[in-house]
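Student: I've got a new structure open and I'd like to learn how to read it. Can you walk me through it?

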Amino acid sequence: NVKVKKILNSVDIKNFKPLKKNNKKLRILVGPFNTQDKIRKGYDLFVKLLNYIKQKKLDIKFETFGTFKHHDESNLVKNNGFIKKKDLSKLYAKSDMYLFLSKGDNSPNTIAESLSCGTPIITFKNNGTDDYCINDYNSFVLKEFNEEKIFELLNKILNKKINIKLKSINARLFAKKHLSDNSISKKLNRLVNETIENKYIK
């Protein structure tokens with residue numbers, strides 16, 4: 001029998017921290033989209049969602065990041081391009097939500113960084129976010145990608161039917177408790193001690 005324990009990636013909670021948001025429109029961060037792996041990162045799903053929202057005329061603003069830039073004649077999307085690590089925290093913190101559309105990631109750092117900045121996640125199951133995103137606590141987790149469901153969710157947030165400020169507080173609390181360097185270090189030390197005590201290492 002093999003005993004398996006999962007320890008998440010840590011995040012620098014002093015650097016990735018909340019900032020005051022003064023957005024005139026609901027600001028949704030999405031990406032990263034890079035030229036080589038934009039489909040795996042869900043760019044096709046983003047285009048599908050964007051086309052649906054255009055029909056419904058939802059008053060929001062998407063901000064993308066990554067080397068691949070989305071070309072769109074509407075005023076719905078702002079391309080930030082490649083963002084340096086030191087500037088990422090501000091991008092997360094100034095966003096109201098982070099729409100994570102990747103179809104498969106292993107412990108994605110962007111999720112941890114966004115939560116640490118107090119920015120809740122919109123995503124779907126089985127794409128590597130299960131250990132970070134708790135539905136209706138620090139995130140909104142759909143069973144699968146569905147542009148109609150995402151539209152309905154964004155519409156409720158716009159109409160103040162969902163309290164995203166509470167989700168933002170919970171996101172930061174989750175990061176401080178589970179993702180800080182200190183908490184991860186303690187978990188690693190505990191694991192090493194348990195391994196030695198139980199003679200898993202000879």
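Tutor: We'll start with the whole chain and then look at a few residues and one helix. Keep in mind that this is a predicted model.

Student: Fine. Where do I begin: how many helices and strands are there in the chain?

Tutor: Begin with the secondary structure and its order. Here you'll find six helices and six strands, and along the sequence they run β-α-β-β-α-β-α-β-β-α-α-α.

Student: What does the radius of gyration tell me about the chain?

Tutor: You set it against what a compact globule of that length would give. For 202 residues that is near 17 Å, and the chain has 18 Å, so the two agree. As for the box, the C-alpha atoms fill roughly 65 × 35 × 30 Å along the principal axes.

Student: And what share of the residues in the chain is buried?

Tutor: Buried residues account for 47% of the 202. You can also look at the outside: the chain exposes about 11,900 Å², with carbon and sulfur atoms supplying 49% of that.

Student: How do I read the contacts by sequence separation?

Tutor: Take the contacts with a separation of 6 or more, and ask what part comes from residues 24 or more positions apart. In this chain that part is 65%.

Student: How many positive and negative side chains does the chain have?

Tutor: Count the two sets, then check where their centres lie. There are 42 positive and 21 negative side chains, and the two centres are 5 Å apart.

Student: Let's zoom in. Is Ser 114 buried or exposed?

Tutor: Compare relative accessibility with the cut-off: under 20% is buried. Ser 114 is at 0%, so it counts as buried. This serine lies in helix H3, residues 109-116.

Student: What does the side chain of Ser 114 reach?

Tutor: The backbone oxygen of Thr 119, at 2.9 Å. Beyond its neighbours within four places in sequence, Ser 114 is in contact with Tyr 92, Tyr 98, Thr 119 and Ile 121.

Student: Which residues of H2 are buried?

Tutor: For a helix, list the buried residues and then see what they pack against. In H2 (residues 85-93) they are Leu 88, Ser 89, Leu 91, Tyr 92 and Ala 93. Those buried residues pack against S1, S2 (60-64), S4 (97-99) and H3.

Student: What about Val 11: how far is it from Glu 113 in sequence and in space?

Tutor: Put the two separations side by side. Val 11 and Glu 113 are 102 residues apart in sequence, with their C-alpha atoms 6.3 Å apart in space. Val 11 is found in the segment before strand S1 (26-30), and its 4% relative accessibility is why it counts as buried. Leaving out residues up to four places away, Val 11 touches several residues, including Phe 16, Ala 112, Glu 113 and Leu 179.

Student: And how far apart are Leu 153 and Gly 128?

Tutor: These two are 25 residues apart along the chain, and their C-alpha atoms are separated by 21 Å. Leu 153 is found in helix H4 (residues 147-158) and, beyond four places in sequence, touches Ile 122, Phe 140 and Ile 162.

Student: One last residue: with which side chain does Ser 139 make a polar contact?

Tutor: With the side chain of Asn 138, at 2.9 Å. Ser 139 is found in strand S6 (residues 139-142), and beyond four places in sequence it is in contact with Leu 115, Ile 121, Cys 133 and Ile 134.

How values were computed: Residues numbered from 1 in each chain as written. Predicted model: local features only at pLDDT ≥ 70, side-chain atom pairs only at ≥ 80, totals over all residues. Heavy atoms only, no water. Helix = DSSP H or I, 4+ residues; strand = E, 2+ residues; numbered from the N terminus. Rg over C-alpha atoms; globule rule 2.2 N^0.38 Å. Buried < 20%, exposed > 50% of the residue type's maximum accessible area, 1.4 Å probe, protein only. Contact = heavy atoms within 4.5 Å. Areas by Shrake-Rupley, 256 points an atom, 1.4 Å probe, with all protein chains shown as cover. Lys, Arg positive; Asp, Glu negative; His and termini not counted. Charge placed at Lys NZ, Arg CZ, Asp CG, Glu CD. Polar contact = N/O pair within 3.5 Å; in protein donor to acceptor, adjacent residues only side chain to side chain.
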